[in-house]
Amino acid sequence: MVLFKYNKEAYFVISLFIIFGFFSSCSEKKEVKTEKAPFNIQMKEQFITDITMAINHLDSAKTDTSNVKKHFLQSRKYFKKTEPILASLDIENYGFLNQPNILKVEEDDFTDIKTKQPSGYQVLEEEIFTEEMNAALVNKHLNLVSSRLKLIRKNISFNHLKTYHFLWLFRKSIVQIALTGITGFDSPVLENSLEESKTVYQSLKTYLSIFKNEFNDVALLKKWNQEIDASIKDLNANFNTFDRYDFIKNHTHKQLELWNQAVDDWQVSFPFELAIKNDATSLFSKDTYNHTYFADRNSGEMTSEKIALGKKLFYDTNLSSNKKMSCATCHHPDKAFTDGLKIGAKVTRNTPTLLYAGLQKAFFYDKRAGSLEGQIIAVIENENEFHTDLKTLKEVVTQDSVYTKSFAKVFKNQKVGNAEIRNAIASYIRSLAPFSSKFDRNINALEHTLTQNEINGFNLFNGKAKCATCHFAPVFNGTVPPNYRESEIELIGVPEQNDTINATISADLGRYYVYKTPERKHFFKTPTVRNAGKTAPYMHNGVYTTLEGVMDFYNRGGGIGIGIQNEYQTLPPDPLHLTNQEIEDIISFIHTLEDDIKTY
């Protein structure tokens with residue numbers, strides 16, 4: 001459509017030209033405006049273009065067998081270009097395409113246990129970039145991945161997208177780059193993670209351009225483009241020497257701030273919060289996480305009054321049958337809420353820290369509880385712990401007038417019930433996530449006291465040592481960012497004794513006891529590394545008394561590295577080849593994760 005835009009003065013001048021015969025067709029100024037398609041249509045067009053290229057290269061790899069590696073890398077590149085969209089709009093299919101080369105076991109209940117062989121780009125990477133490639137196996141996975149991509153291309157919908165959906169997926173991609181992308185999490189063989197992160201950033205820049213007209217502040221869009229370009233430039237680095245600390249501090253956090261500015265500039269509101277709060281400007285802050293996302297749906301708001309009530313219950317020995325045990329009996333604040341014992345009294349496993357326990361999706365070493373409230377039930381009923389029951393517990397609380405008044409205030413005059421008691425204790429435990437360590441203060445630029453060795457330790461932890469492929473920053477536990485939907489369990493081959501010559505695996509079968517799935521023998525939940533300097537001894541059986549012993553175990557390649565053969569070991573069996581200095585640096589970094597918990 002052609003539009004003529006003339007103001008009054010312009011119209012008068014043109015009239016004079018017409019009167020005096022000086023007007024000619026070449027002098028006519030016309031502004032042509034082409035109506036752009038809605039943003040969701042533009043996003044879909046870009047997505048279809050990229051996913052089609054990913055498909056084409058996979059299909060070419062099947063026929064052009066002499067260039068399988070080349071076609072795989074090109075397909076992987078275009079898959080990464082789709083990642084910002086696919087990882088948000090189709091989480092399940094994205095998970096299939098980007099899963100590790102580890103047997104997948106789904107245990108919904110005793111009647112529905114499934115084991116699935118993995119496929120996807122990580123599997124293809126391991127099968128293609130090997131000394132002796134199995135052509136038939138590679139072709140099988142090429143077909144599986146290509147078919148899945150074609151299915152996505154056919155069925156993916158952008159119709160429901162609103163502006164806030166785009167902002168969420170945009171931020172999610174930024175977080176994913178920082179917490180898994182630059183760690184080598186999904187490029188275990190090639191360690192091509194930095195190059196792939198550059199590809200994701202370039203894709204984000206492309207999608208952001210679709211929303212150019214949303215910016216009221218034109219300078220803000222310019223800042224975004226400059227920041228993305230700067231991030232891409234800094235990602236031109238060697239995987240093992242890349243400064244991840246600097247990148248997160250000076251790029252990721254800056255991008256979170258710019259994201260919040262965009263939210264304000266676009267005047268966008270969100271219907272609810274995801275795992276990360278909508279106004280978060282740091283990944284390492286007590287204000288980063290939405291704790292209700294990790295809790296039961298009916299857990300309610302975490303108020304200061306509820307937390308205080310939960311704290312009182314936590315330290316109350318009257319809740320146990322012998323009136324001598326409280327939660328604090330096994331979880332001492334001065335030991336980062338552990339007990340310092342190899343194995344707790346009358347129990348079978350090492351006592352884990354409660355710090356950051358609320359920021360996970362499963363509880364106990366074997367993940368047999370799905371919530372903190374559920375875990376509390378097990379402790380109450382365990383004959384070696386509280387050795388009581390919910391009915392008795394309720395009676396103890398209701399007979400205390402101080403408690404009944406507090407419960408009436410906190411729970412709005414509801415009668416004291418088991419659910420309320422457990423919720424109060426769980427709320428206190430959820431509050432134990434201070435993010436107040438030396439490392440937190442430094443990465444948030446509140447102080448500048450980290451030594452170069454401590455920074456090196458963080459970079460090694462998130463790079464060469466591969467610690468962060470299981471202990472994900474910033475909580476450094478096994479709850480996988482950026483979705484935080486699953487807390488991982490791993491088989492690393494923990495020995496019965498600290499023995500590297502005649503090692504035998506711990507007799508504890510871990511997750512196997514829950515559903516009796518043979519493929520889950522010796523699997524245990526990945527704990528947090530935060531405050532590990534205060535929580536010795538280590539592992540589910542307390543086999544290692546020092547962090548040096550733990551690091552030696554991992555440096556050798558876990559259980560397989562000390563002679564324990566495990567078909568399903570999830571830890572890469574290859575030695576890490578860390579030097580003594582690198583090990584010292586990693587331990588120095590771990591000590592920077594110690595919180596000031598006096599107030600708890």
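Q: Where does Pro 482 lie?
A: This is a predicted model, and in it Pro 482 sits in the loop between helix 19 and strand 5.

Q: What makes the peptide bond from Pro 481 to Pro 482 stand out?
A: That bond is cis, with omega near 0°. For background, most peptide bonds are trans.

Q: Which peptide bond ending at Pro 474 is cis, and where is Pro 474?
A: The bond from Ala 473 to Pro 474 is cis, with omega near 5°. Pro 474 is also in the loop between helix 19 and strand 5 (489-490).

Q: Why are helix 19 and helix 23 called roughly perpendicular?
A: Their axes cross at roughly 95°. Angles of 65 to 115 degrees count as roughly perpendicular, so helix 19 and helix 23 earn that label. The axes of helix 19 (residues 452-461) and helix 23 (residues 580-591) come within 7 Å.

Q: Which residues make that contact, and how do they divide by class?
A: Helix 19 brings Asn 453, Glu 454, Asn 456, Gly 457, Phe 458, Leu 460 and Phe 461, while helix 23 answers with Gln 581, Glu 582, Asp 585, Ile 586, Ser 588 and Phe 589. The split is 5 nonpolar, 5 polar and 3 charged.

Q: How do you know that helix 2 and helix 6 are roughly antiparallel?
A: Check the angle: helix 2 (residues 39-63) and helix 6 (residues 135-155) cross at roughly 160°, with axes that come within 9 Å. Anything over 145 degrees counts as roughly antiparallel, and therefore this pair does too. The crossing of helix 2 past helix 6 is left-handed.

Q: What makes up the contact of helix 2 with helix 6?
A: From helix 2 the residues include Phe 47, Ile 48, Ile 51 and Leu 58, and they meet a set in helix 6 that includes Leu 142, Val 145, Leu 149 and Ile 152. By class, the contact has 11 nonpolar, 4 polar and 4 charged residues.

Q: Why does the roughly antiparallel label also go to helix 8 and helix 9?
A: Helix 8 (residues 193-210) and helix 9 (residues 218-234) pack at about 165°, with axes 9 Å apart. The cut-off is over 145 degrees, so the pair is roughly antiparallel. Their crossing is left-handed.

Q: Which residues of helix 8 and helix 9 meet?
A: Lys 198, Tyr 201, Gln 202, Lys 205 and Leu 208 of helix 8 touch a group in helix 9, among them Leu 221, Trp 224, Ile 228 and Ile 232. That contact counts 6 nonpolar, 3 polar and 3 charged residues.

Q: Why is the pair of Phe 39 and Phe 211 called tilted?
A: The structure holds 45 aromatic pairs. For Phe 39 and Phe 211 the ring centres are 4.8 Å apart, which is to be set against a limit of 6.5 Å for pairing. Their planes stand at 45°, and planes under 30 degrees apart would be stacked, over 60 edge-to-face, so tilted is what remains. Phe 39 is in helix 2 and Phe 211 in the loop between helix 8 and helix 9, 172 residues apart.

Q: What makes the phi of Phe 337 worth a look?
A: Phe 337 has a positive phi of about 65° although it is not a glycine. Most residues other than glycine have a negative phi. Phe 337 is placed in the loop between helix 13 (327-330) and helix 14 (372-381).

Q: What is the average pLDDT of the chain, and where is pLDDT below 50?
A: The chain averages 92, and 94% of the residues score at least 70. Residues 1-33 are below 50, and this stretch has 15 contacts in the model beyond near neighbours in sequence.

Technical notes:
Residues are numbered from 1 along each chain as its sequence is written. This is a predicted model: local features need pLDDT of at least 70, side-chain atom pairs count only at pLDDT 80 or more; totals for chains, interfaces and linings use all residues. Side-chain values use heavy atoms; hydrogens and water are left out. Axes are lines fitted to C-alpha atoms, for helices over the stretch in contact, and angles run from 0 to 180 degrees between N-to-C directions. Helices (H or I, at least four residues) and strands (E, at least two) are DSSP runs, numbered from the N terminus. Angles under 35 degrees count as roughly parallel, over 145 as roughly antiparallel, 65 to 115 as roughly perpendicular and the rest as oblique. A crossing is left-handed if the near helix is turned anticlockwise from the far one by less than a right angle, and right-handed if clockwise. Contact means heavy atoms within 4.5 Å. Ala, Val, Leu, Ile, Met, Phe, Trp, Tyr, Cys and Pro count as nonpolar, Asp, Glu, Lys and Arg as charged, and the others, Gly among them, as polar. pLDDT is the predictor's confidence in each residue, from 0 to 100. Rings of Phe, Tyr and Trp (its six-membered ring) pair if their centres lie within 6.5 Å; planes under 30 degrees apart count as stacked, over 60 as edge-to-face and the rest as tilted.
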